[in-house]
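Student: Hi! Could we go through this structure together? I'd like to start with the helices.

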Amino acid sequence: VIIEGGKIMSQIYLAGPFFSEEQIDRVSRIEKALEENKTVTSFYSPRHHQESNYELFSAGWAQEVYEKDMEELTNAEFVVAILDFEHQTIDPGTAYELGVATMLKKPMIIVQEETVPTNLMITQSLHTYLKSDQAVREYDFETLPVETYVGEYL
């Protein structure tokens, strides 16, 4: 945790899909909620860091983006992850990032707007479960209150 002038500063890695208009809308709302949250001072959203010295979607590009994202994930204090992808299915990249975060023992704040059965590997490893961008906007990243998963298991 970064401390500046006695104030704790949160460094957050935002995981989630951004491949469709619906997904981009959702991640944009979560980014805005993080920006407006008074307990958050910085976050990294991979969708804004796709640039590379290589051609888009080339092997070199993929390696560079992967390395940058893994460095940011490693350096983050917390992970905020958006589960909504395709009904009950989580985005494979987000699932991978959550696995890495679990192994690095990072608190995971999960956001899931849809009410669908959720995989127990996610529900049992999360720190906090939130249902809306408004809940992210109001969440206290300094005290990290626990909100358990409530719903059906998959």
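Student: Which residues of helix H3 are buried?

Tutor: Happy to help! Keep in mind that this is a predicted model. In H3, the buried residues are Thr94, Glu97, Leu98, Val100 and Ala101. They lie on the same side of H3, because they cover an arc of only 160° around the axis.

Student: Why would residues a few places apart end up pointing the same way?

Tutor: An α-helix has 3.6 residues a turn, so residues three or four places apart point the same way.

Student: And what do the buried residues of H3 pack against?

Tutor: Their partners are strands S3, S5 and S6, along with helices H2 and H4. On the face turned away from the buried side, H3 carries the exposed residues Pro92 and Met103.

Student: What happens just after H3?

Tutor: Lysine 105 takes a positive phi of about 60° there.

Student: Switching to H2: how far does it reach from its first C-alpha to its last?

Tutor: H2 has 17 residues and reaches 24 Å, close to the 24 Å expected at 1.5 Å a residue. Its buried residues are Gly60, Trp61, Val65, Asp69, Met70 and Leu73. The elements covering them include S3, S4, S5 and H3.

Student: New topic! Is methionine 121 buried or exposed?

Tutor: Methionine 121 counts as exposed, because its relative accessibility is 62% and the cut-off for exposed is over 50%. Methionine 121 sits in helix H4.

Student: Which residues make the nonpolar surface patch with Met121?

Tutor: Leu120 and Tyr153 join Met121 in making a nonpolar surface patch of about 350 Å².

Technical notes:
Residues are numbered from 1 along each chain as its sequence is written. This is a predicted model: local features need pLDDT of at least 70, side-chain atom pairs count only at pLDDT 80 or more; totals for chains, interfaces and linings use all residues. Side-chain values use heavy atoms; hydrogens and water are left out. Patches are made of residues with over 30% relative accessible area and no salt bridge: like charges are joined within 9 Å, nonpolar side chains (Val, Leu, Ile, Met, Phe, Trp, Tyr) within 5 Å. Accessible areas come from the Shrake-Rupley method with a 1.4 Å probe; for residues, only the protein chains shown count as cover. A salt bridge is a side-chain nitrogen of Lys or Arg within 4 Å of a carboxyl oxygen of Asp or Glu. Helices (H or I, at least four residues) and strands (E, at least two) are DSSP runs, numbered from the N terminus. Buried means under 20% relative accessible area, exposed over 50%, partly exposed in between (1.4 Å probe, protein chains only). The arc is that of the directions from the helix axis to the C-beta atoms. Contact means heavy atoms within 4.5 Å. The expected span of a helix is 1.5 Å times one less than its number of residues.
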